[in-house]
Every structure is written in C-alpha cells, then in structure tokens.
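Me: Please take me closely through one part of this structure, beginning with a single residue and working outwards to its surroundings. I am new to it, so a connected account would help me more than a list.

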Amino acid sequence: MKYQNENEFRKANLFGKGEPNVNFAQFFIGESFLNPLTDFQNGEFPLFNVTFEPGCRNNWHIHHADKDGGQILICTAGEGWYQEEGKEPRSLNEGDVVVIPQGVKHWHGAKKDSWFSHISIEVPGENSSNEWLEPVTDEYYNAL
Ligand code: MN
C-alpha cells in the first residue's frame, strides 16, 4: 500500500523510523533512516528497519563474501523497488521477502510516490564487504 503522507505511514511503520542514516547518506539519493531492532552494540545480531522517504533509493551495490553472505530484505511498510542488474525491477509490498545472493549487483528503495520500510539482514559470510557503485539515475528511476 502506498503512503505519500508521513503521518499515515508512521502508523503502518511498525518497526519504527529511527534516526537519519547519516553514515550511509553518501550512498543514497534522498533521505533514509535507520532503526536498530537489536542491541547490536552489545553483541546481539544486527537487525535494522530501514525507512526510505518517497523517491529515496540506494546506489547500485554488491554484498561480497567468499562464502555465504548476501542480504535479506523483509518488507514492512509502504511500497518500494528491488532490482538486480540485467533484470526487470521488482515491485515490493508489505510482507515481501527478497533474498539477495552475495556478488549480485542491485539496488533497493522507495517508490517515487510512497514511503517504504524494510528490515535488512546482512547474512553472515566469510570476508564479507559491501561495494558501493553508481547511483540509480533520476532519468531511469522516474520512468519506473
Ligand atoms: Mn543491498
């Protein structure tokens, strides 16, 4: 379901908006927010609800690992997009789950006319790292 109005979206965003995602802002177009769901600073498994304002998306990127790794997205509120390089974009709604294998170039974010949240799970892997690449251009994104 699309939410253009933030007050309406807030009621649907059960896992919370959290704080501006300042550490990764350089890899996003538009504003995103991070809400930690676990006490990761004291060793609990890191789990975050990521909220994107309408039009916000991250750059193309790759979750690298020598073994296992990758990322799982659990869509929690609003509507968004997920796209792997060379494939059509996938429309995301509340309740959708996206399994992103390590090594696959992709991006994810909100639709241009809706707030969107997903829980992000970085699947543990050997020698895991993230590689941030070029932005998803306005020309491409706005035509979705
Ligand atoms: Mn990702």
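**The metal site and its surroundings**

Reply: His61 counts as buried, at 1% relative accessibility; buried means under 20% relative accessible area, exposed means over 50% and partly exposed lies in between, with a 1.4 Å probe and protein chains only. This is a predicted model, in which local features need pLDDT of at least 70 and side-chain atom pairs count only at pLDDT 80 or more, while totals for chains, interfaces and linings use all residues. Residues are numbered from 1 along each chain as its sequence is written, and side-chain values use heavy atoms, with hydrogens and water left out.

His61 is one of the protein donors of the manganese ion. The full set is His61, His63, His106 and His108, each through NE2, together with Gln71 through OE1, and these donors lie 2.1 to 2.3 Å from the ion. Donors here are N, O and S atoms within 2.8 Å of the metal (3.2 Å for Na, K and Ca), and since water is not among the atoms, sites may look incomplete. Along the chain, the donors follow the spacing H-x1-H-x7-Q-x34-H-x1-H. Distant parts of the chain are linked in this way, for His61 belongs to strand E6 (residues 61-64) and His108 to strand E12, 47 residues apart. Helices (H or I, at least four residues) and strands (E, at least two) are DSSP runs, numbered from the N terminus. Like His61, His108 is buried, with a relative accessible area of 3%.

Strand E12 (106-110) leads on to Lys111, which is found in the loop between that strand and strand E13 (116-122). Although its side chain is that of a lysine, Lys111 counts as buried, at 8% relative accessibility. It lies over the face of Trp81, at 4.8 Å from the ring centre; a charge sits over a ring if NZ of Lys or CZ of Arg is within 6 Å of the ring centre and within 35 degrees of the ring normal. The side chain of Lys111 also makes a polar contact of 2.8 Å with the side chain of Glu79. A polar contact is a pair of N or O atoms within 3.5 Å; within protein, one must be able to donate a hydrogen and the other to accept it, and residues adjacent in sequence count only if both atoms are side-chain atoms. Leaving aside neighbours within four places in sequence, the residues in contact with Lys111 (heavy atoms within 4.5 Å) include Lys2, Pro54, Gly55, Ser91 and Tyr141. Tyr141 has a charge over its own ring as well, since the charged end of Arg57 sits 4.2 Å from the ring centre.

Next to Arg57 in numbering is Cys56, which counts as buried at 0% relative accessibility. The sulfur of Cys56 is 15 Å from the closest cysteine sulfur, in Cys75, which is too far for a bond. Cys75 counts as buried too, at 3% relative accessibility. With a disulfide taken as a pair of cysteine sulfur atoms within 2.5 Å, the count comes to 0 disulfides.

A further step outwards brings in the aromatic rings, of which a search of the whole structure finds 11 pairs. In one of them, the rings of Phe24 and Trp132 have their centres 6.4 Å apart and their planes at 50°, so the pair is tilted. Rings of Phe, Tyr and Trp (its six-membered ring) pair if their centres lie within 6.5 Å, and planes under 30 degrees apart count as stacked, over 60 as edge-to-face and the rest as tilted. Phe24 lies in the loop between strand E1 (19-20) and strand E2 (28-29), and Trp132 in strand E15 (residues 129-132), so the pair ties together parts that are 108 residues apart in sequence. Unlike the buried residues described above, Phe24 counts as partly exposed, at 34% relative accessibility, and Trp132 is partly exposed as well, with a relative accessible area of 21%. Both rings belong to one aromatic cluster, formed by Phe24, Phe27, Phe28, Phe52, Phe116 and Trp132.
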